[in-house]
Each structure stands twice: as C-alpha cells, then as structure tokens.
Amino acid sequence: MLELVVEILAALCLVAGGLLCFAAGLGIVRFQDVFLRMHAATKAGTLGLMFIVLALCLVAPGLETVIKAGLVSVFMIITAPVGSHLIGRAAFRTAAPFWSGTGVDEDCEVFRVGAATARMRAEKD
C-alpha cells in the first residue's frame, strides 16, 4: 500500500514538473521581450526540475541517487538566477526593447549606462 502511495506521489510530481517545464518553454516562445522570457525560463524551469528530481528520489530512493539528485538541484538553484541576472543586465545595458505593457522608470538610464558614465555626463553639463 505504501509503495502505491509513493508511486502516485512520484507520478504527480512528474506531471507537475513536466507541466512547469512545458510552461517555461511556452513562455520563452510566446512572451514579448527578453525580460519576460528569462523570467519564465528561470522560475518555471527551476521549479519543474525540482519536481522531477523529487519524483526521482521517491522512485529510486538509494542514497547515491538522492545525493546526485540533490547536487543537480543545488547546481540549478545556484546557476539559474545568476545566469538570468546576467542575461537581464546585458539586455538592459544594450538597450533591448521593452514590451509595450512594461512600466519603465524615467531614471532607468542612469543604470543603463552605468554610474560612472552618468557622472561623466553630469560633469560635462
């Protein structure tokens, strides 16, 4: 009976993980600008992977499998936000266009060109 409950829970985790990974892929294809796309890929993709790894740990509960799955999870949690941040920063600095529905702060140009460049421009004026 316990095995059946564990297998059902693992199946639910696999379905949830698959749906989240599908949503991440769909977001990359359908969203309008790079900032929305990177958000979809990072958030949904990471959470989808966590559900899939959890399902793996439930079905194959050996210590070696759990350790490897844990390392994969930690690696993804560490690298996905850092990569997403760098992509967003590069897109912002290179003046990637925003989606028309995105609210933009008037002072964002200070961050786009960097503080040092903004100071140099202010000193010239």
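A helix here is a DSSP run of at least four residues, numbered from the N terminus. The model in these views is predicted.

**View 1. Leu-2 sits in helix H1.**
Leu-2 is found in helix H1, which covers residues 2-30. Is Leu-2 buried or exposed? Leu-2 is exposed, because its relative accessible area is 65% and exposed means over 50%.

**View 2. Leu-2 helps make a nonpolar surface patch.**
The patch measures about 770 Å². Leu-2 shares the patch with Met-1, Leu-4, Val-5, Ile-8, Leu-9 and Leu-12.

**View 3. Lys-68 forms a salt bridge with Glu-64.**
How far apart are the closest N and O atoms? They are 3.1 Å apart. By the rule used here, the count comes to 1 salt bridge.

**View 4. Helix H3 holds both Lys-68 and Glu-64.**
Helix H3 covers residues 63-93. Lys-68 and Glu-64 lie 4 residues apart in this helix, about one turn. Glu-64 is exposed, because its relative accessible area is 54% and the cut-off for exposed is over 50%.

**View 5. The protein chain has 5 helices and 0 strands.**
Along the sequence, the pattern reads α-α-α-α-α. The chain has 125 residues, and buried residues make up 22% of them. Take the contacts between residues at least 6 apart in sequence: 61% of these join residues at least 24 apart.

**View 6. Carbon and sulfur atoms account for 72% of the accessible surface.**
The accessible surface of the protein chain comes to about 8,900 Å².

Notes: Residues numbered from 1 in each chain as written. Predicted model: local features only at pLDDT ≥ 70, side-chain atom pairs only at ≥ 80, totals over all residues. Heavy atoms only, no water. Helix = DSSP H or I, 4+ residues; strand = E, 2+ residues; numbered from the N terminus. Buried < 20%, exposed > 50% of the residue type's maximum accessible area, 1.4 Å probe, protein only. Contact = heavy atoms within 4.5 Å. Areas by Shrake-Rupley, 256 points an atom, 1.4 Å probe, with all protein chains shown as cover. Salt bridge = Lys/Arg side-chain N within 4 Å of Asp/Glu carboxyl O. Patch = residues over 30% accessible without salt bridge, like charges linked within 9 Å, V, L, I, M, F, W, Y side chains within 5 Å.
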